[in-house]
Amino acid sequence: MSQYLEEESKGTAVGAGTKATENFQHDKAAYEAVKDVPKERVDKLASRIINEINNTVREEKVTYAEYNALKAWLIQVGADGEWPLFLDVWVEHAVEDVATEHREGNKGSIEGPYYVPNAPVCADGKIPMRDDEPGDRMTWTGKVTSTDGSPLTDAKVELWHADSLGFYSQFAPGQPEWNLRGTFPVKEDGSFEIHTIKPAPYMIPTDGACGKLIAAAGWHAWRPAHLHVKVSAPGHELLTAQLYFPGDEHNDDDIASAVKPELILDPQDQGNGQWTVEYGFVLDPEKKA
Ligand code: MBD
Ligand code: FE
């Protein structure tokens, strides 16, 4: 266990941030998706955000020293590769609320900066982990259905989460490439059974620009323990969500504001470090244009 901590804790904000930034930039879809947005829309959004900043400056009488500190800090966010972290922690939750407010099915939550597509398919239900992976074992059963209750027999659940030390594979050193990342196709009846570990509370990197802001403002850097999922099925809206654990002290003050009561699990302690939990997903059919 301490052998893992030593290796994994060599990770830095710049390391995780650089990887998150590179991964995002490999997805060239970001600009493509807005290529038909009219300039009136861009004008409105950009003007509103700039005006909000100017209003804050005037109302709070922001000094040159503060303005220069902001400039230095923004430059550092980029240098540390922390724009994905900054945006996903402090902005994405509002975007997610807007994007999913029409849904009748499952509540979702933010994706965050550490998703990697195409995780190995685990037909046996076992997520990739080290032989001596630290942490309690958890067997998770559930079913994927449509909003009308019918099972979605071609659904798949992609699961990714931190290890028991709070590190994500591919973003901190020391873990196998796909550690605690897997793709789980459901069975013929839409059900799934996944074997993984219970993750630990997660502290966002504190040694980069985001950590500097958190320290300067007297905030904390914690997210509650969480499992990330993407659940998909043909003809249905992709569900991106996170699942949480009852009693976590950060469920009520998640730095990323991404906890919803519907997403808190009810795990059962089977003793000897073994847990079971039941949680299924309800997907909304895609609206026909
Ligand atoms: C995470 O693991 C996470 O889920 C979010 C939203 C931000 C930073 C790290
Ligand atoms: Fe996370």
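Reader: What is the relative accessible area of Ile53?

Author: This is a predicted model, in which local features need pLDDT of at least 70, side-chain atom pairs count only at pLDDT 80 or more, and totals for chains, interfaces and linings use all residues. Residues are numbered from 1 along each chain as written, chains are lettered from A and ligands numbered from 1 in written order, and side-chain values use heavy atoms, without hydrogens and water. Ile53 is partly exposed (buried is under 20% relative accessible area, exposed over 50%, partly exposed in between; 1.4 Å probe, protein chains only). Its value is 49%.

Reader: Which helix holds Ile53?

Author: Helices here are DSSP runs (H or I, at least four residues; strands are E, at least two), numbered from the N terminus. Ile53 is found in α4.

Reader: How many aromatic pairs does the structure hold?

Author: Rings of Phe, Tyr and Trp (its six-membered ring) pair if their centres lie within 6.5 Å; planes under 30 degrees apart are stacked, over 60 edge-to-face, the rest tilted. The total is 14.

Reader: Tyr114 pairs with which residue?

Author: The pair is edge-to-face, 6.2 Å centre to centre with 65 degrees between the planes. Tyr114 sits in the loop between α7 (92-100) and β1 (137-146), 88 residues from a partner in strand β5. Tyr114 is buried at 7%. The partner is Tyr202.

Reader: How far apart in sequence are Trp140 and Phe281?

Author: Their rings pair edge-to-face at 5.9 Å and 65 degrees. Trp140 is buried at 0%, and Phe281 at 1%. Trp140 lies in β1 and Phe281 in β11, so the pair ties together parts whose separation is 141 residues.
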